[in-house]
Amino acid sequence: MTMVSDTPKQRFRLGMLVYDTRYRSITIQTVVGILFMAGAWWLIDNLLSNLAQLGKSPSFAFLWNRAGYDIDQTLIPYTNDDTHFRAMLVGLANTILVSVLGCIAATVLGVVVGVLRLSKNWLIGRLMTVYVEMFRNVPVLLWILVVFAVFTDVTPSPNEFRVTESMLAEGIEPKASKIVFDSVAITNRGTYIPKPLFERSLGAIHIGFMPISLNTLAILAVVLASFLGWRALLRHATRVQEETGERPTTWWKSLLVLFAPITLLLMALGFHLEIPELAGFNFKGGIRVSNAFMALWLGLTLYTAAFIAEIVRAGILAVPKGQTEAAYALGFRPTLTMRLVILPQALRVIIPPLISQFLNLTKNSSLAIAVSYMDLRGTLGGITLNQTGRELECMLLLMLIYLALSLLISSVMNVYNSFVKLKER
Amino acid sequence: MSDTHAQTELFVRHEMIPPSEPPALETGAIKWLRENLFSGWLNTILTILGLLVVFGLARLFLPWFLHGVWNANSLGECREIIAQTWGPDASGACWAMIRERWNQFMFGFYPRELYWRPVLALLFLLVGLAPVLYSELSSKLVAAGAVIAALIVVLAYNYGVWLPVGMLVTIAAVSAILDARGAKWPRNLLWFSALYPAVAFWLLWGGSVWLPFVAVLGFVLGFIVMRLVSAQLGAILGASAGAVAAVLWWSFGAGPLDEALIGMTGTARPFWLQTVTSDQFGGFVLAFTIGVTGIAASLPLGILLALGRRSDMPLVKVISVGFIEFIRGVPLITLLFVASLLLNYFLPPGTNFDIILRVIIMVTLFAAAYIAEVIRGGLAALPRGQYEAAAALGLDYWKSMRLVILPQALKISIPGIVSTFIGLFKDTTLVVFVGLLDPLKGITDAVRAAIEWKGIYWEPYLFVGSIFFIVCFSMSRYSMYLENKLKREHR
C-alpha cells in the first residue's frame, strides 16, 4: 500500500499571476477593471469639464416646463399648454400604439405568407418568395417612404369623393368612394375610419392624468368573462365525455356564451359607429388616422412580416415529417394534427426569433422621424430637445425608455416562451 | 420439375408487354399543371387569385415601366414626351432622372474629377475580398480578376492618372513573388486584404500617403513585438506588450515621423492626393464606406464580446452583457443621435472629429452587439465535448478557441452573421437623420429639391431600392454558398 502524500504547498511567486490559471483570471479581471474604470472616469471627467465650460448642469427640471407645441395624434389628452413630460408621454403612447398594431399585423401577415410559401401551389409559393426577398433585402426606410408617398400622392383628395346633384342626374360616378361598406375613406389628408360611440356612456374615471373609459373597461371585463365561461363549458363537456363516453353538443352553447353577453352590453350602452362624412372641403366625424401613422404602420408591417414569414416557415420545416405521419397513423384529422402535433412543436422554434422581430419592429418605429410621426423620438428626442437644448438629458431619457420598453417586451415574451417550450424533467 | 416446365411453357410469355403510354392527363405540362396549380379546389382558388394579383400588378406597373423615357432634361419634358408618344392619359416612368443624376446617386458631392478614387477603392475592395471569400482559384475568379484589372487600366486612362496602374502592378508583382515562394493564388493576396483599409482611407479622403503609412507601421511594430516577446515570455505577455508597443508608437512615434515624411515629399504626385472632406461624401460611396467598414470591424468585436459573455470571469462577463443588452435595447437612430449630438460632450474640450468616423463607430458597435448574440448561439450549440477535447489536448484558452471552437461556432452562425451584415448595410440609410447624404433619402431629397425634378417619387426609390436589393441579395446567396461549402455532415 502506498501513501499518497499531499503535494507540498507552493510558495506564491509573482509569475503565478500570469502563468497559474488559478490566479490568472484575477489578474486579467483586475487589469480589465482598471482599464474600464479609467475609461469611464475619462469620459465622465470630459463630460463634467465640457458641461462646466458650457455653463450647463444636468437637470431634468425642464420636463415640467410648458411644452408649447402641438402634437398631431394624441392618445392621452394634451394641449400645447401641457408640460414637456406630458408631451413625452404622448409620444411614448404613439410609439407603443404603432408598435403594438405593427406587431399584430406583421404576425398575421407573416404567418399567412410563411404558410403559403410552403404551399404545394407553385405559383403561390413563388409569389410569396418574391414578396419575402423583395422586402427583406431593401431598407425598411424605403418601404416607409414609399407607403408615405402612396398615401400622400396617389390617394384621392377629399374633394374627389364629392357627389353633386348634377352628377347624380347625369349618372356620373365620383372619382373616389369609401371602402369597407362605405365607411372608410382613404384620402391624401389622412384615412378616416368609423368611431365607436356610446349613447348611454358610463363615463370615465381619471387615474392621475389619464382618463380611462369605463365603457372600454366594461367591454373588456365582459369579453374576458365570456371567454372564461366558454373554457369552463368546454372543460365540462370533456369531463362528461370522459365519464359517459359521449360528448354533449356544445356549439350553440359556445356561441351563446361567447357572443350573447357582449351583444347585450353593447345594446345596453347604445353602441353605434360614427361614419366619416364629407362636409365642406374635408371629412367630418369618425377618427382621422394621419398618413404618417399609416405609412409607418404599413411600412413596418410589410417589412417585418417578411422576416416573420421566414421564421414561421423555418419553424414548420423544423418539425420532422414523421410527426405528421405518426399523427395520421393515430387517426388524427389534418386540423387536429396541425393543432395538437405540429404547431406546439413549431412554436418552440418560432417564438424566440419572433420576440426579437417584435423588438426590432418596436425599435424601428423610431423611423417615424422620416414621416414626421410624433413618436417618442419626435417629441422628447425631437422638439423638446431642440426647444430646451438639453441634449444630454433628453437622449439619456430617450434611451432609457427604449431600453425599458425592450426589456419589458422581451420579458413578457420570455414568460410566454417558457409556457410553450419543451417541458423537460 | 423440368416436365412441368415443359408443359406450362406454352402459356408463359417470353417478352414483357410494352408499357402503355400514360393517360394524356398524367404527362408533361398537363400533369405538372394539375399537380402544382390545380390539385384541389383550394389550390385552384389560390392559383386563380395569384394569377389575378399578377395580372393586376402587371397592368398597373408594366405600362408605366415600359413607357419610360430615358432622354429628357426634366420631369416636365418626360411627361410631354410620354403624352406625345402614348397619349395624354398614359403614365410612364422618367428614367432620364437616373441618367441625369447618376453621378450624384453614386458619389454625392465628391469632386467630379476625382471620381476615379472611390471607383478604384471599390475595385480594390473586390481584389482584397477575393482571398477572404474564396480559398481556391477557379476560372471564374481568374476571369473576374482580369475584368477588374482591365477596368482599372480603363479608369486610369480615362482620368489620365497612372497611380491606379502603378498600384495594380505593385499588387500583382508582390503577389507573384509570394506565389513563387509557396503562397498560392488567391491566398497570396491576403497581405493586400490586410493593407486595404489604409489604402481605401487614402484613396477616399486623400491627403498624404504617410498618415495611413505610419498608422499601419504601428500594427506592424505591435506584431513584431508580440512575436518577439511571445517567444520569450508566453502568449499573454506577448500580446499585451504588442498592444502597448503599438499604442506607444501611435502616441509618440507616428506623429513626428508623419511630419518628417510629409516635409520630405510635400505634395509631390504619388505621395499626395487632393483632400476630400467628409461633407462631400454621399450616395453609395457613403453607404459603402460605412457599410464595409462597419462589417469588417464589427465581426472581430462581436467575437470578442461573445467570448466575453461566455467567460468564467464575472467582471468581463458583466461588462460584455451590459454592453450587448444596452446596445440591443435602443434603436440605431438614438445611437446615431448620440454620435452627432453627444459625443463631443464625452471627449476632451475642443476636440471635434469626423462625423463619418463617429457614425462608423456607432454602426460598428451596434452591429457588434447583434453579432455577439449570434455567435453566442453558435458557441452554445457546440457540444461540450469539443471544449473538453480541446482542453484535453493541452491547448490554452486562445488556442482552443482559435483552432477548435471558433471555426465550428462561426460555421454554425454564418446565416445569422450574414443577415446582421445585411441589416447593417441597410441601416446605413439611417445616417440621413444626422445630416449625411445617404442615397435613399438624402440624395433623393436633394434631387427633388431641384426645380426640374420636383415631384419625382417612384423612380429614385425604385433605383436605389434595386441597388440595395442586388447587394443584399448577393450577400445572402454568398452565405448559402458558404454554408454548402463548409457542410461536413452529409457528403
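**Helix packing and chain contacts in a predicted two-chain model**

Colleague: Let's start with helix 12 of chain A. What do its buried residues pack against?

Modeller: In this predicted model, the partners come from both chains. From chain B, helix 14 takes part. Within chain A, the buried residues of helix 12 pack against helix 3 (84–117) and helix 13 (391–420).

Colleague: Which residues of helix 12 of chain A are the buried ones, and what does the backbone do just after the helix?

Modeller: Helix 12 of chain A covers residues 376–388, and its buried residues are A:Leu376, A:Arg377, A:Gly378, A:Thr379, A:Leu380, A:Gly381, A:Gly382, A:Thr384 and A:Leu385. Just after that helix comes A:Gly389, with a positive phi of about 70°.

Colleague: OK, on to the contact between the chains. How many residues does each chain put in, and which helix of chain B gives the most?

Modeller: Chain A and chain B put in 46 residues each. On the chain B side, the helices that supply at least two residues apiece are helix 3 (41–66), helix 11 (235–265), helix 13 (314–329), helix 14 (332–342), helix 18 (439–449) and helix 19 (458–486). With seven residues, the top contributor is helix 19 of chain B.

Colleague: And how does that side of chain B divide into nonpolar, polar and charged residues?

Modeller: Charged residues number three on the side of chain B that touches chain A, and polar ones number 10. The nonpolar count there is 33.

Colleague: Since helix 19 of chain B came up: B:Ser476 sits there. Is B:Ser476 buried, exposed or partly exposed?

Modeller: Around B:Ser476 there are 17 other C-beta atoms within 10 Å. A buried residue would need 20 or more, and an exposed one would have 12 or fewer. That count therefore makes B:Ser476 partly exposed.

Colleague: What does B:Ser476 touch beyond its neighbours within four places in sequence?

Modeller: For context, B:Phe421 is 55 residues away along the chain, and its C-alpha atom is 9.5 Å from that of B:Ser476. The contacts beyond the sequence neighbours are B:Val418 and B:Ile422.

Colleague: How are helix 5 and helix 12 of chain B oriented, roughly parallel or roughly antiparallel?

Modeller: Helix 5 (residues 96–107) and helix 12 (residues 283–309) of chain B have axes 2 Å apart, at an angle of about 20°. Angles under 35 degrees fall in the parallel class. So helix 5 of chain B and helix 12 of chain B are roughly parallel.

Colleague: Which residues meet there?

Modeller: The contact holds five nonpolar residues, two polar and no charged. Helix 12 of chain B brings B:Gly283, B:Phe284 and B:Val285, while helix 5 of chain B brings B:Gln104, B:Phe105, B:Met106 and B:Phe107.

Colleague: What about domains: how far apart are the C-alpha centres of domain 1 and domain 2 of chain A?

Modeller: The assignment gives chain A domain 1 (76–155 + 291–398 + 417–421) and domain 2 (202–270). Chain B gets domain 1 (24–67), domain 2 (101–110 + 277–490) and domain 3 (207–273), with the centres of domain 2 and domain 3 of chain B 27 Å apart. For domain 1 and domain 2 of chain A, the separation is 29 Å.

Colleague: One last check against the records. How much helix is there in residues 395–416 of chain A?

Modeller: UniProt (unreviewed entry) annotates several transmembrane regions in chain A, including 130–151 and 395–416. Residues 130–151 of chain A are 86% helix, with end C-alpha atoms 24 Å apart. Over residues 395–416 of chain A the ends are 32 Å apart, strand is 0% and helix is 100%.

Notes:
Residues are numbered from 1 along each chain as its sequence is written. Chains are lettered from A and ligands numbered from 1 in the order in which they are written. This is a predicted model: local features need pLDDT of at least 70, side-chain atom pairs count only at pLDDT 80 or more; totals for chains, interfaces and linings use all residues. Two residues are in contact if their C-beta atoms, placed from the backbone, lie within 7 Å. Helices (H or I, at least four residues) and strands (E, at least two) are DSSP runs, numbered from the N terminus. Ala, Val, Leu, Ile, Met, Phe, Trp, Tyr, Cys and Pro count as nonpolar, Asp, Glu, Lys and Arg as charged, and the others, Gly among them, as polar. UniProt positions are given in the numbering used here, feature names are shortened, and annotations may be inferred rather than shown by experiment. Domain bounds come from an automatic or database domain assignment. Axes are lines fitted to C-alpha atoms, for helices over the stretch in contact, and angles run from 0 to 180 degrees between N-to-C directions. Angles under 35 degrees count as roughly parallel, over 145 as roughly antiparallel, 65 to 115 as roughly perpendicular and the rest as oblique.
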